[in-house]
Amino acid sequence: MEEGVVNEILQGPLREVFDSTQLLTDVSGSGNNWAVGHLTYGLAYREQIVDKLRRAAEHCDCLQGFFIIHSMGGGTGSGLGTRVLSLLEEEFPSVSRIVTAIYPSTEDDVITSPYNSVLAMRELSEHADCVLPVENQSLLDIVNKIKVMADGAKPGSVIKRDSTIISGQGGLTGPEKPFDAMNNIVANLLLNITSSARFEGSLNTDLNEIAMNLVPFPRLHYLVPSLTPLYTLADVSVPSRRLDQMFSDAFNKDHQLIRADPKHSLYLACALMVRGNVQVSDLRRNIERLRPTLPFVSWNQEGWKTGLCSVPPVGHSHSLLALANNTCVKPTFIELRERFNKLYRKKAHLHHYLHVEGMEQSLFSEAVASLSSLIDEYQLLDASKGRLTPDAARLSIAT
Amino acid sequence: MSVVSVQLGQCGNQVGQELFDVLCSDAQDGQRNKYRAISCERFFHQTDRGELEARAVLIDMEPKVINRCVSRATKCSRWSYGSSSHFSQKQGSGNNWANGFCVHGPRHRDVVEEMVRREVERCDRLSGLMALMSVAGGTGSGFGTYLTQCLRDAYPTSFIINHLTWPYSTGEVIVQNYNSVLTLARLYQLSDAIVVHENDTVHKICSQLLNIKHISFSDVNRVIAQQLGGILQPAFTTHSHGFYSRSPIDELVSSLACHPEYKLLSVSSIPQMPSSSIAFTTFSWPGLLKHLRQMLISNTKMEEGIDWQVRPPSGAGCTGSGFNRSVANLLILRGKDVYSTETSGFEEPSLYSSWLPSVEALNVWKCPVPFHKYEKSATLVSNSQALLRPLDHIVAKAWNMFASRAYIHQYIRYGISEEDFLDGFTALEQVISSYKQLC
Ligand SMILES: Nc1nc2c(ncn2[C@@H]2O[C@H](COP(=O)(O)OP(=O)(O)OP(=O)(O)O)[C@@H](O)[C@H]2O)c(=O)[nH]1
Ligand SMILES: Nc1nc2c(ncn2[C@@H]2O[C@H](COP(=O)(O)OP(=O)(O)O)[C@@H](O)[C@H]2O)c(=O)[nH]1
Ligand SMILES: [Mg+2]
């Protein structure tokens, strides 16, 4: 709703990729206000949005899903983005909706981001099939880690050119903008999610398998992504150790795309989507090796979903995307709620929202209640961790 | 007589393609005219240009797997798939049995049934239908179950067997146990016999017996295909009076699935070794059969790590520790000196349930043509307690998950209710109980 960004893309090297009739812009932006995006623009552009969505869908011979990509902290993405999400649900109820949501860091530039995020969270919990939460701070940490590695390269650990997940490998490169490196990580995430549906492999994973395998209960659909390797070393002497390292890294704190520690929380389910020259025996070896160190919920002790796609990403021999349905998202949500409450107790900035036609204070309280109940659901599962749960008594057969 | 195969889903198609490859190369190996003719008639028909075309229908809800199978078969240039006998859509069933069974099944029923009908009409005489699939995904398991039901209706008097691949126990599909329960419970009502390969077991054979370092699905599938080939290729059967038997499916079912409560068949074979070692090994029938017999009674699927302590219980008593009791066994011997082999070790009444006399419980097929590089080889198809433990694990894990109702909403969305799950559990508990109480 602020045409600058879209115009910039249209002048950039990717202008050919986008269909100019499918753009929708306004001039004034949403002022980092969820209500403006969700309600004002949501109402004003409803027809146009639906039209464009239908048109885009008509061009597909098999519509497999929608990717919705937006930040949680601003006004347009979080407000209008979640509006689009519910429009999609109305228009295409059976097509899956996968949201990549950028969560604000603690020191965020947007003061109202806690409001916007909590208001948007409710929409995501109710209308998305899966949400892949990504935190800018985590992206930044990964970018810095790679840069340090690239600058201080010791002999023997030189990074292969164009093999990091922050370089726009294969894409068009121009002068770098501040978010470019970080956004490339997100782009790689989306590439890897869809790779198995696009390329052949010995164990394919279509888009609809992700929610089916990873979402045991409708609202618990937040899947923490991690990508490995972050780069490929130019030295290729120890391939199989590097392969196993890739699997280990996927579970480490510093490879997650949100600040979270899955290993010390509880897994409800986990997907490993592998690309490149990796066989089923490599998968088995690594699952068996890692399983004892990872806590899984009692009714899903073997909660692994795996995919093998034979085509690796450009610049790599293999790669791994892990998606974890894990209670480690809870601290992020709790922190968000705290920051929300800090503002809300003082009624800070509230009037900017309540001015907006259709916005009521009850939407705030309902949104935070929705978030609280989500946190409680994760809490309940966390509490079951380590407790010995007896197997359910089996059905008995009269003989 | 001929067999029409239906390959369903990724697994079913990949296994099926490997199977036809094994069948074709075995039939065309060396001087074996009669054997070749019968094998080819059984599994292939000849096109106008004299080329072999598999009697198979390929089905998947996504295009990639079938495209690869078809092009691989064409590339090997010994045989191919018929150009109009494959059916695929754009997106898979998403590992959701309900999606395959309730949505894709009814939607594509007509097209697919018509394809099968065309294959059946190409056969001079039909020995039976064989559906190959995994139980863990959505297409093979869900659509496969639906199609088996349709075929049962369309061919009420033909034999229908299912070849099922059971998933690795540490999963690749998280809802695999649900999908397995729903599949097995229904197939138990529909199928004449259910032949099972467990991925865990076959994987072990690849690593421990065949010494393969990086095991791929194609290695696993090759082992499965070879074991199936050992069963399905021509042989002299008990009733074939010195000729090659005409109807493998028919005789397989009547030898092994004599009681509707018991129709789970497992397969083991001997020898299995890297081809580089074959030349340096001599085989004797008594040695091979002694191993195979102990594999049977101690329920080991490999000739390595056999527990030689296990013995059939003497006297009454249902169980001996670790003893695997059989309902019926089919022993298939191929290669040199088959006619003079002694198979009485498999005839002992103590191996079998008390209600079926051991002369009926054991069938032996023989064929002097060696199979797959082995001068002598034996395949055992067994209707026994061998699959009891893995079946029990599948049901236990599914039941545990069901107790918390996890993932159930995904099935309800497509029309499978909690009640349907309970019916499935009940049916399989019954099967488990029957096999447990075998004596
Ligand atoms: N032995 C063997 N097992 C396989 C193969 N491919 C898949 N599987 C097993 O099959 C199960 C997964 O089912 P698939 O056959 O991939 O599923 P599908 O029937 O295509 O169904 P959807 O993909 O859900 O539409 C897992 O247990 C895999 O281990 C194969 O080539 N060989
Ligand atoms: N990773 C990433 N985060 C961004 C980018 N642009 C904005 N953000 C974050 O998004 C939030 C602000 O929302 P923004 O998308 O600018 O607002 P909107 O345009 O009103 O939806 C802040 O948390 C920013 O740090 C980007 O290109 N990449
Ligand atoms: Mg599939």
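User: Before the cavities are discussed, which residues count as nonpolar, which as charged and which as polar?

Analyst: In the class counts for this predicted model, Ala, Val, Leu, Ile, Met, Phe, Trp, Tyr, Cys and Pro are nonpolar. Asp, Glu, Lys and Arg are charged. The others, Gly among them, are polar.

User: With those classes, how do the residues of the lining of the largest cavity divide?

Analyst: The largest cavity holds about 480 Å³ of space. Of the 36 residues that line this cavity, those closest to its centre are A:L203, B:Q10, B:C11, B:S134 and B:G137. By class, the lining of the largest cavity divides into 10 nonpolar, six charged and 20 polar residues.

User: Which element gives the most to the lining of the largest cavity?

Analyst: At least two residues each come from strand 6 (304-309) of chain A and from helix 1, helix 5, strand 8 (160-166) and helix 8 of chain B. The greatest contribution to the lining, six residues, is that of helix 1 of chain B.

User: Where does ligand 1 sit?

Analyst: Ligand 1 lies between chains A and B. Its surroundings comprise 25 residues, the closest being B:Q14, B:T139, B:G140, B:E172 and B:N221. As for the site itself, ligand 1 sits in the largest cavity.

User: Which elements give two or more residues to the shell around ligand 1?

Analyst: The shell has seven nonpolar, 15 polar and three charged residues. Ligand 1 sits in the largest cavity. The elements that give two or more residues to the shell belong to chain B: helix 1 (9-27), helix 5 (139-154) and helix 8 (217-232).

User: How far is an oxygen atom of ligand 1 from an N or O atom in the side chain of B:E172?

Analyst: Two backbone contacts may be set out beforehand. A polar backbone atom of B:C11 is 2.8 Å from an oxygen atom of ligand 1, and a backbone N or O atom of B:G137 lies 3.5 Å from an oxygen atom of the ligand. For the side chain of B:E172, the distance from an N or O atom to an oxygen atom of ligand 1 is 2.6 Å.

User: What percentage of the accessible area that ligand 1 has on its own does the protein cover?

Analyst: The contact with the side chain of B:E172 is at 2.6 Å. On its own, ligand 1 has 640 Å² of accessible area, and the share that the protein covers is 98%.

User: Which polar side-chain atoms lie 2.6 Å from a nitrogen atom of ligand 2?

Analyst: The residues around ligand 2 include A:S71, A:G74, A:D108, A:N136 and A:N183. A polar backbone atom of A:G74 is 3.3 Å from an oxygen atom of the ligand. At 2.6 Å from a nitrogen atom of ligand 2 are an N or O atom in the side chain of A:N136 and a polar side-chain atom of A:N183.

User: How much of the accessible area of ligand 2 does the protein cover?

Analyst: A polar side-chain atom of A:N183 lies 2.6 Å from a nitrogen atom of ligand 2. Of the 570 Å² of accessible area that ligand 2 has on its own, the protein covers 73%.

User: Which helix gives the largest share of the lining of the second largest pocket?

Analyst: The second largest pocket has a volume of about 1100 Å³. Its lining consists of 38 residues, with B:E198, B:N299, B:A386, B:R389 and B:P390 nearest its centre. The largest share of that lining, six residues, comes from helix 13 of chain B.

Methods
Residues numbered from 1 in each chain as written. Chains lettered and ligands numbered in written order. Predicted model: local features only at pLDDT ≥ 70, side-chain atom pairs only at ≥ 80, totals over all residues. Heavy atoms only, no water. Near = heavy atom within 4 Å. Polar contact = N/O pair within 3.5 Å; in protein donor to acceptor, adjacent residues only side chain to side chain. Areas by Shrake-Rupley, 256 points an atom, 1.4 Å probe, with all protein chains shown as cover. 1 Å grid on protein atoms, 1.4 Å probe; cavity = no way out; pocket = protein on both sides within 12 Å on 5 of 7 lines; lining within 4 Å. Sits in = over half its atoms within 2 Å of the grid points. Helix = DSSP H or I, 4+ residues; strand = E, 2+ residues; numbered from the N terminus. Points joined across faces, edges and corners; volume = space filled by probe spheres on them.
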